[in-house]
Amino acid sequence: MNIVVCVKQVPDTATERKLRPDDKTLDRDAVDGVVNELDEYAVEEALRLKEAHGGEVTVLTMGPAKATETIRKALAMGADKAVHLSDDALHGSDALSTSYAMAQALKKIGFDLVILGSESTDARTGVLAAMLAERLGAPQLTLARKVEVNGSAIAIERITDYGYDKVEATLPAVVSVVEKINEPRYPSFKGIMAAKKKPVEALGIADASVDASAVGLAAAYSEVAEFAAAPPRAAGTIVKDEGDGGVKAADFLASKKFI
Amino acid sequence: MSEILVLVEHVDGEIKKVTLELLTLARTLGEPSAVWAGPGCGDAAKAKLAEYGADKIYVADSDEVVNYVVAPKAELLARLVADKSPAAVLVASTIEGKEVAGRLAVKTDSGVITDAVGLGEGFVADQSIFGGGVNVRSRVTKGTPIVAVRPNSTAPVAAAGAGAEEKVEVAPSEAARAAKIVERVKEEKGARPELTEAAIVVSGGRGVGSAENFAIIEKLADSLGAAVGASRAATDAKWYPHQFQVGQTGKTVSPQLYIAAGISGAIQHRAGMQTSKTIIVVNKDPEAPIFEIADFGVVGDLFQVVPQLTEEIEKRK
Ligand SMILES: Cc1cc2nc3c(=O)[nH]c(=O)nc-3n(C[C@H](O)[C@H](O)[C@H](O)COP(=O)(O)OP(=O)(O)OC[C@H]3O[C@@H](n4cnc5c(N)ncnc54)[C@H](O)[C@@H]3O)c2cc1C
Ligand SMILES: Cc1cc2nc3c(=O)[nH]c(=O)nc-3n(C[C@H](O)[C@H](O)[C@H](O)COP(=O)(O)OP(=O)(O)OC[C@H]3O[C@@H](n4cnc5c(N)ncnc54)[C@H](O)[C@@H]3O)c2cc1C
């Protein structure tokens with residue numbers, strides 16, 4: 001089975017993230033880049049499926065040159081190779097153009113299964129997997145907490161408001177995973193060493209048949225009109241419980257008219 | 001005034017509160033038309049939609065629309081966008097609502113904005129990003145604006161609309177029927193309000209210690225008519241079902257009041273509750289990061305503080 005895992009480099013959530021004042025895009029240079037947390041679960045699931053069914057796991061990342069660091073991490077976990085879609089023209093792409101560029105790259109790579117995280121920690125739109133399914137004309141098996149492949153049949157448990165749905169489809173398909181699905185492995189020392197020699201193919205937009213006028217900030221379908229740091233939350237009142245903590249909390253609730 | 005499509009969220013024929021919020025918001029910007037996907041749009045439902053300002057109600061009364069993952073709903077909306085040329089489409093910014101919005105954006109070649117917490121003239125949306133650290137105003141610049149609005153972004157206000165029903169015949173395309181829902185598994189729910197919609201949420205974390213102990217959290221929630229939430233530590237330990245998880249990979253809630261007991265306040269948890277209007281914390285560790293965003297915090301043992309608080313609330317009712 002030919003599995004492609006989409007891995008996004010995102011700023012470490014522990015650092016302060018900012019928008020650039022000039023073009024109002026995320027300042028990716030200012031912060032350390034890490035693998036989007038949920039994408040580690042996506043990589044893990046891809047590795048488990050490969051271990052069970054054979055095949056190959058390819059990492060696909062769209063992002064600046066710096067993203068090679070996180071590609072190596074995914075390779076160190078055990079993925080076989082990577083494709084790095086990188087081009088200055090892609091800077092500032094919104095969800096529409098990101099999904100377009102990635103769909104083009106996926107068509108070039110070829111796949112039986114595409115696995116994504118269900119949401120990134122930076123933009124958090126949670127739309128990419130659905131958009132890829134739409135663009136690729138492949139079944140949308142998103143928000144999976146369990147994935148089972150049997151020949152060309154694939155079944156998932158999709159989390160919902162009330163529990164979960166059992167969903168069935170036929171490969172090729174697009175899957176997105178939630179963190180309940182597995183526990184990602186840590187790269188071993190051997191894995192880290194091996195990752196250094198694994199092939200990373202650099203893909204420019206022309207290589208992926210991506211139309212330059214349809215990506216990047218200028219082609220975006222939406223714009224940030226303005227932004228500002230949120231006013232800091234006013235410091236709260238903290239009390240130590242001296243046998244009356246519950247009563248004091250009730251007093252606070254009463255002062256705010258909740259009771 | 002121009003037409004605005006609002007995708008109705010409904011369960012077992014009941015309309016979710018977020019839909020009434022979206023209708024309220026849509027009324028300030030145009031004439032709302034409700035779009036009902038699937039069976040179950042009874043007279044009571046139609047009356048409710050009209051009560052909150054729906055001028056038209058498009059009903060696609062077919063199992064086919066809901067028996068496949070997301071795609072048929074996006075197809076239905078895309079068809080209405082083509083036929084009616086609305087000024088905008090509003091959906092609830094829930095995990096599924098966002099997926100519908102995403103597919104619709106691709107189909108109609110339109111921009112999409114997710115996680116809006118407000119929407120104003122020109123469909124300029126307010127977003128709160130980076131865990132609440134930055135406020136953004138953004139807008140769609142191409143196609144029909146598609147905006148996913150978070151529950152609790154506005155208070156629902158009734159104002160009658162005509163509520164004229166228009167049936168829509170639908171037959172999802174083959175592509176839209178590629179991912180079939182073969183079974184819906186309902187895990188316990190109870191009579192509490194839905195987590196993302198609740199005005200008050202009471203959440204428990206690892207500090208609660210066991211599934212049985214969650215009764216303490218539930219009692220406090222019930223005394224306030226609140227929903228119950230949980231941290232990932234609590235859902236991973238199977239003390240509480242996953243659909244009640246609040247955070248990065250759970251539900252994003254933005255209630256009037258959020259009470260966190262025995263939760264440390266990891267960034268992934270905060271990502272799901274930081275926009276709550278008022279936050280109360282009970283934690284025995286004064287260094288727990290959750291205190292940084294508390295409006296009121298009690299440093300103490302939740303097994304003492306929470307039952308006392310519940311008792312006190314009952315007393316003052
Ligand atoms: C704060 C903020 C808000 C934004 N809001 C909007 C908005 O409302 N509308 C809009 O159109 N755009 C928006 N954008 C732009 C958006 O970041 C990009 O379009 C992005 O590429 C896709 O969004 P996402 O990361 O939210 O994807 P999600 O759908 O949240 O990501 C899901 C999965 O897709 C995969 N993935 C995503 N991006 C990549 C990548 N570059 N390479 C490899 N795999 C990837 C990963 O597996 C990831 O887990 C926003 C950007 C920021 C920084
Ligand atoms: C990909 C990914 C996604 C994630 N998504 C989520 C998510 O959606 N939601 C989420 O919540 N987390 C999420 N997490 C996990 C997150 O990082 C934290 O591990 C988690 O939130 C911790 O839960 P907790 O606060 O209940 O537990 P802990 O961090 O262990 O905190 C327990 C707290 O309880 C206090 N306590 C203990 N006993 C008592 C007592 N008797 N009285 C009072 N206080 C007491 C302690 O002082 C401590 O502060 C995610 C992590 C990853 C990697």
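**Figure 1. The area buried between chain A and chain B is about 7100 Å².** This is a predicted model. Carbon and sulfur atoms give 56% of that buried area. On one side, 78 residues of chain A take part in the contact. On the other, 85 residues of chain B do. Why quote an area at all? The accessible area lost when parts come together is often used to give the size of an interface.

**Figure 2. Salt bridges and polar contacts link chain A to chain B.** The predicted model has 15 salt bridges between the two chains. One of the pairs joined by a salt bridge is Asp165(A) with Arg184(B). Their side chains meet at 3.9 Å, N to O. Polar contacts between chain A and chain B come to 52 residue pairs, with both residues at pLDDT 80 or more. Which element of chain A gives the most to the side that touches chain B? Helix 6 of chain A, residues 245-255, does so with 10 residues. Sorted by class, the side of chain A that touches chain B holds 37 nonpolar residues, 16 polar residues and 25 charged residues.

**Figure 3. An open sheet of 10 strands includes strands from chain A and chain B.** The order is 11(A)-5(A)-4(A)-1(A)-6(A)-10(A)-7(A)-8(A)-9(A)-12(B). The pairing is mixed. Which strands are at the edges? They are strand 11 of chain A (200-203) and strand 12 of chain B (180-186). Each edge strand pairs on one side only. From one strand to the next, the twist averages 30°.

**Figure 4. Strand 9 of chain A meets strand 12 of chain B.** Strand 9 covers residues 163-170 of chain A. The two strands run antiparallel and are joined by 6 bridges. Look for Gly163(A): opposite stands Lys186(B), in strand 12 of chain B.

**Figure 5. Strand 5 and strand 11 of chain A pair in the parallel sense.** Strand 5 covers residues 81-85 of chain A. How many bridges does this pairing run over? There are 4 bridges. Ala82(A) stands opposite Val200(A), which is in strand 11 of chain A.

**Figure 6. Helices from chain A and chain B lie across strands of the sheet.** Helix 3 of chain A spans residues 95-109. This helix lies across strands 1 (2-6), 4 (56-62), 5, 6 (113-117) and 11 of chain A. Its direction is at about 150° to strand 4 of chain A. Helix 4 of chain B spans residues 95-108. Helix 4 of chain B lies across strand 7 (140-150) and strand 8 (153-160) of chain A. The angle between helix 4 of chain B and strand 7 of chain A is about 90°.

Note on methods. Residues are numbered from 1 along each chain as its sequence is written. Chains are lettered from A and ligands numbered from 1 in the order in which they are written. This is a predicted model: local features need pLDDT of at least 70, side-chain atom pairs count only at pLDDT 80 or more; totals for chains, interfaces and linings use all residues. Side-chain values use heavy atoms; hydrogens and water are left out. Two strands pair if DSSP finds at least two bridges between them. Axes are lines fitted to C-alpha atoms, for helices over the stretch in contact, and angles run from 0 to 180 degrees between N-to-C directions. Contact means heavy atoms within 4.5 Å. Buried area is the accessible area (1.4 Å probe) that two parts lose on being put together, summed over both. A salt bridge is a side-chain nitrogen of Lys or Arg within 4 Å of a carboxyl oxygen of Asp or Glu. A polar contact is a pair of N or O atoms within 3.5 Å; within protein, one must be able to donate a hydrogen and the other to accept it, and residues adjacent in sequence count only if both atoms are side-chain atoms. Ala, Val, Leu, Ile, Met, Phe, Trp, Tyr, Cys and Pro count as nonpolar, Asp, Glu, Lys and Arg as charged, and the others, Gly among them, as polar.
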